[in-house]
Each structure stands twice: as structure tokens, then as C-alpha cells.
Amino acid sequence: MQAIGIDIGGTKIAGAVVDELGAILMEDRVPTPAGDSALLEDAVVAMVQRLSADRQIAAVGVAAAGFIDASQSLVYYAPNIAWRHEPFREKLEARLHLPIIIENDANAAGWAEFRFGAGRLSSDMVMLTIGTGVGGAIVHQDRLFRGGFGAAAELGHMRVVPGGLPCGCGAHGCIEQYGSGRALLRMAGEIADAGGIGLGLAAARERDEVLTGSAVSALIQEGDPGALAALRTLGGWLGEACASLAAVLDPQVFVFGGGVAQAGDLLLDPIRAAYLNVLPARGYHPEPEFRIAELVNDAGVVGAADLARAHFTVPGDPDAYSGGQVL
Ligand SMILES: [Zn+2]
């Protein structure tokens, strides 16, 4: 049973035909038409038509950044696209005549990790995607947790500092301002300004005119003390956020995706240390695993396809995979 997953990103639209085991059978990608929702719709329709030619497709899942309603039909709000209360599912179904669901992109990526990646073998998983911002997904008892209105698991906007740094969402002190790729650059810049262990960061900033994510990543890999200090500070914030999340959700595994997670154990070690330091009833609470995401670039399309297939083909209990985990 094959399904199509589409992942609408800020710069590109990725699409794939995915089988029941999460394997990609065919892929496609095009640039995202900037700022024009009609052209965007045309691009998604054309991609589904290319991917579905000469194939039996069970369903299509479309992932995008934004708030999606609980029936997976309507995009309430998208940060990168001019969508406000956009009935995207209805529009696509009218043109494609295939069963379609819309899903938040972080939820789709989290679902892929739960089914086929770092979260498999668990029933309860929390994923944090550490990219430019911080995305989140929650799986509770083998099901994606969407909340009452469909906008749950916006973990990046969990407040960790009352009255803290302003966030793009309009609030202050969100973890996105302390645990994202953008936050890492800010922290690295502050360390560069201070001199001392920041000399390597300051030299990279001088060379490139601005401090870039790739320069900080390279310095982390080289063991530069300033870059490592910035990463430890970032991990400390994320570990504290995980302790709060564990108090509510009690997951067996935390999965970290996104570009910053490529630092691997250098990121996980400070997260784990901060988590244990602030965990309530430390020593009496079973410790969750902290893992790096495995599907990396494909998670969005694989998760969107799998959610769509489950929604339309699993009888009686759409979206649930109890007992159906792929090991
Ligand atoms: Zn926020």
C-alpha cells in the first residue's frame, strides 16, 4: 500500500512515494514559489500528479509549518505562507481526487521517527527539532498527540523564562529563544565578544563578516572551547525544558532532530546532565533515553505519507498503530 508524502518547506517542496515500511520508492523536489499561495497549490498538485502517474496511491499527506485544525483539513495560520484559515485539503481534493490529509510538519517528522527511526520500540516519545527555531511533536500511547484544537506540541513556544527574550510568536521567554539554532548563534556571538575562549569564534566572524551556523558547527567538530561552551549552554536549556516535559508526559525517549542535532553526543550530554539536575524525585524516576533523529531529511515526507495511509486505510482506528510498530 503506497502513499505520497509532501513536505512544504520555506525554500523547497519535497515529495515522495513511500511504502508501508517507510521506504522511499520515488522522490521529487521543486523550489517553493515564494509568497504566492495559488502557485504553491499548483506546484503541490503537479508534484502529486508526477509521483502518482502509473501507481496505485492509497492517500496523500501534506506537511507544512503552521497550525492545522483537528480534522487535518484547514491551515489556521502558516508562518511562511500567506495562509489564514486556508481550506487546503478541500482545494487539493477537488483537483487530485485522492484522499488527502494536512499535517503540521514537525508532527509529520516526529511520527516518522516514532514509526521508523529513533523513537521506534517506544509507546511515548517527545521530539524536539532544533533548526532555526524549535519544533515539537508528541506521541502518547502510540498516537500522535494533537490536542483539542489540533495545535498541540508547539514545544518551541513553551515558556522557560517569564519576561525573557521576545519571541517571533509575540510572547516572551519561549524555549525557541534559548534552545534553537538562532539562539546558538547569539550565544556564540556573545562568547566571541568576551574574548578568551571566544577567540576562535571571533576569528570565524571576522573571516565571514557574520557568524554562520556552518562556521559554528565546524568549530564544534574541531573542539573549539568557545563553540563547545555555546553548545553546552544551549543543551542546558533544552535539558531543563525536557525535565518540565517529562513531568507532564513521562516519555520513554526524547528525540532531537534538525541541523543542530548533528552535533550528536556533544549536544545530548549537556541535555542529559541538565535534565537529571532538575528532574523532580531524581533517582526514583526511570530515566528516558536521549537520542538523535535518524531520518534527517526524509522525516517530513515519510511521516506525512504514513499518517495519510494510516488515516484512510487502518479500519476503525485511524492514525493509531498500536502493535503495528516496525522494528
Ligand atoms: Zn514563542
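## A guided tour of the helix pairs and the open sheet

In this predicted model, helices α7 and α8 are roughly perpendicular to each other. To see this, select residues 213–222 for α7 and residues 225–249 for α8; their axes come within 8 Å and cross at roughly 105 degrees. An angle from 65 to 115 degrees counts as roughly perpendicular, which is why the pair is described in that way. Next, display the side chains at the contact: V216, L219 and I220 belong to α7, while A227, L228 and L231 belong to α8. Classified by residue type, this contact contains 6 nonpolar, no polar and no charged residues.

**Second stop: α5 and α6**

Select residues 181–194 for α5 and residues 199–208 for α6, whose axes come within 7 Å and cross at roughly 105 degrees. This crossing makes α5 roughly perpendicular to α6. Here A188, I191 and A192 of α5 meet L201, A202 and R205 of α6. The contact of α5 with α6 comprises 5 nonpolar, no polar and 1 charged residues.

**Third stop: the open sheet**

Now turn to the sheet of 5 strands, which is open, has mixed pairing and follows the order β3-β2-β1-β4-β8. Select β3 (24–31) and β8 (100–104) to find the edges; each has a single partner strand, so one side of each lacks a neighbour in the sheet. From one strand to the next, the twist averages 15 degrees.

Moving inward from β3, select β2 at residues 12–18; β2 and β3 pair in the antiparallel sense over 7 bridges. Two bridge partners can be picked out: V18 is matched with I24 of β3, and A16 is matched with E27 of β3. The hairpin formed by β2 and β3 has 5 residues between the strands, and G22 in its turn has a positive phi of about 85 degrees.

On its other pairing, β2 joins β1 in the antiparallel sense over 6 bridges. I8 stands opposite I13 of β2, and a hairpin of 3 residues links β1 to β2. Of the 7 residues of β2, 6 are buried, so the strand is largely enclosed by the rest of the structure.

**Fourth stop: helices across the sheet**

Add α10, residues 299–313, to the view. This helix lies across β1 (2–8), β2, β3, β4 and β8, and runs at about 130 degrees to β4. Then add α2, residues 88–96, which lies across β4 (57–64) and β8 and runs at about 145 degrees to β8.

Which residues of α2 are buried? They are F88, R89 and L92. Look down the axis of α2: the buried residues fall within an arc of 95 degrees, so they line one face of the helix. The elements that cover them include α1 (37–52), β4, β6 (75–77), β7 (84–86) and β8. Rotate the view to the face turned away from the buried side, where the exposed residues E90 and A94 are carried. To finish, select H97, which follows α2 and has a positive phi near 55 degrees.

Technical notes: Residues are numbered from 1 along each chain as its sequence is written. This is a predicted model: local features need pLDDT of at least 70, side-chain atom pairs count only at pLDDT 80 or more; totals for chains, interfaces and linings use all residues. Axes are lines fitted to C-alpha atoms, for helices over the stretch in contact, and angles run from 0 to 180 degrees between N-to-C directions. Helices (H or I, at least four residues) and strands (E, at least two) are DSSP runs, numbered from the N terminus. Angles under 35 degrees count as roughly parallel, over 145 as roughly antiparallel, 65 to 115 as roughly perpendicular and the rest as oblique. Two residues are in contact if their C-beta atoms, placed from the backbone, lie within 7 Å. Ala, Val, Leu, Ile, Met, Phe, Trp, Tyr, Cys and Pro count as nonpolar, Asp, Glu, Lys and Arg as charged, and the others, Gly among them, as polar. Two strands pair if DSSP finds at least two bridges between them. A residue is buried if 20 or more other C-beta atoms lie within 10 Å of its own, exposed if 12 or fewer, and partly exposed in between; C-beta atoms are placed from the backbone. The arc is that of the directions from the helix axis to the C-beta atoms.
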